[in-house]
Amino acid sequence: MKIQIINPNTCQGMTEAIGRSAEAVSLSDTQIIACSPQHGPRSIECALDETIAAAALLDEIAKGREQGVDAHIIACFGDPALDAAREIASAPVIGVAEAAFKLASIVSHRFGIVTTLARTLPAAEHLLQRYGYQHLCSGARAADIPVLDLEELQQDTFEQLKNECLAAIQQDGADSIVLGCAGMSELAQELSSCLNVPVIDGVSAAVKLAESLHQLKLSTSKGGQYAAPIQKQFIGRYQHWSR
């Protein structure tokens with residue numbers, strides 16, 4: 001199968017790291033297509049970043065559909081534009097936060113989220129409510145690490161992240177850790193070894209869910225919420241969405 005993994009920010013180094021994480025867990029006959037938009041923020045750390053990135057992300061979904069991919073993965077923990085992407089895609093679309101929550105709920109009684117900046121915590125809490133996992137989450141913590149610092153992670157920054165994970169386990173009662181940023185994807189195994197609990201990276205989780213859906217021949221229902229968008233005219237820079 002072909003899986004398109006979209007990093008919605010424009011940091012190419014992060015896109016490459018996400019692609020490596022996906023390839024490390026994918027089946028031998030799965031092709032990973034890691035990409036990012038040509039326009040938008042270098043990192044996504046607030047509502048403005050996410051809103052601007054969402055429009056460019058949808059253009060990448062359309063490109064993936066033209067390429068005939070079998071699944072799309074949105075590799076940003078905010079799961080931006082997920083509903084809109086499911087409307088325009090013919091293949092399944094998976095958000096990494098939703099995928100991580102699903103797997104964490106299977107391998108642990110309660111999971112903790114450790115993310116980047118404190119200002120992103122409300123977004124994580126919103127996703128827990130949206131997906132119905134708040135009762136299974138021990139809490140969300142921030143390591144106060146800017147997203148782009150993950151590209152060339154220093155040892156002291158890794159220790160910050162590890163210490164927040166330890167606090168989630170020892171103080172909040174987490175049995176597993178969900179990493180709250182796709183840019184942390186290559187750190188999951190090392191953290192799991194240090195912490196002796198499952199550490200779930202949403203990128204890897206989404207890849208395995210995508211492969212399972214493909215093998216089961218399951219795709220997004222187009223009969224209700226995710227039916228094709230209503231035909232209408234778009235003006236200006238978005239006129240290519242006119243239908």
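Two strands count as paired here if DSSP finds at least two bridges between them. Keep that in mind for the close-ups below, which come from a predicted model.

**View 1. Strands S3 and S4, side by side.** With three bridges between them, S3 and S4 pair in the parallel sense. One spot to look for is His72, which stands opposite Val93 in S4.

**View 2. The open sheet around that pair.** Step back a little and you find four strands in an open sheet, running in the order S2-S1-S3-S4 with parallel pairing. Which strands stand at the edges? They are S2 (31–35) and S4 (93–95), and each has a single partner strand, so one side of each is left without a neighbour in the sheet. On average, neighbouring strands of this sheet are turned by 20° against each other, direction ignored.

**View 3. Phe77 meets Phe101.** The rule used for ring pairs gives a count of five aromatic pairs, and here is one of them, formed by Phe77 and Phe101. Their ring centres sit 5.8 Å apart with the planes at 85°, and planes over 60 degrees apart count as edge-to-face, so that is what this pair is. Phe77 belongs to the loop between strand S3 (71–74) and helix H3 (82–88), while Phe101 is in helix H4 (residues 96–107), so the pair ties together parts that are 24 residues apart in sequence. Are these two residues buried or exposed? Phe77 is buried, and Phe101 is too.

**View 4. Phe101 again, now with Tyr133.** Phe101 also forms an aromatic pair with Tyr133, this one tilted: 5.9 Å from centre to centre and 55° between the planes. Because Phe101 lies in helix H4 and Tyr133 in the loop between H5 and strand S6 (137–142), this contact ties together parts that are 32 residues apart in sequence. Both Phe101 and Tyr133 are buried.

**View 5. The aromatic cluster.** Pull the rings together and you get one aromatic cluster made of Phe77, Phe101, Phe111, Tyr131 and Tyr133.

**View 6. The largest pocket.** This pocket has a volume of about 370 Å³. Its lining is made of 26 residues, and Ile44, Glu45, Cys76, Gly78 and Thr120 lie nearest the centre. The elements giving two or more residues to the lining are helix H1 (12–25), helix H2 (47–66) and helix H5 (121–131). Which element gives the largest share? That would be H5, with three residues. As for chemistry, the lining divides into 15 nonpolar, eight polar and three charged residues.

Definitions and conventions
Residues numbered from 1 in each chain as written. Predicted model: local features only at pLDDT ≥ 70, side-chain atom pairs only at ≥ 80, totals over all residues. Heavy atoms only, no water. 1 Å grid on protein atoms, 1.4 Å probe; cavity = no way out; pocket = protein on both sides within 12 Å on 5 of 7 lines; lining within 4 Å. Points joined across faces, edges and corners; volume = space filled by probe spheres on them. Nonpolar A, V, L, I, M, F, W, Y, C, P; charged D, E, K, R; others polar. Phe/Tyr/Trp six-rings, centres within 6.5 Å; stacked < 30°, edge-to-face > 60°. Buried < 20%, exposed > 50% of the residue type's maximum accessible area, 1.4 Å probe, protein only. Axes fitted to C-alpha atoms, helices over the stretch in contact; angles between N-to-C directions.
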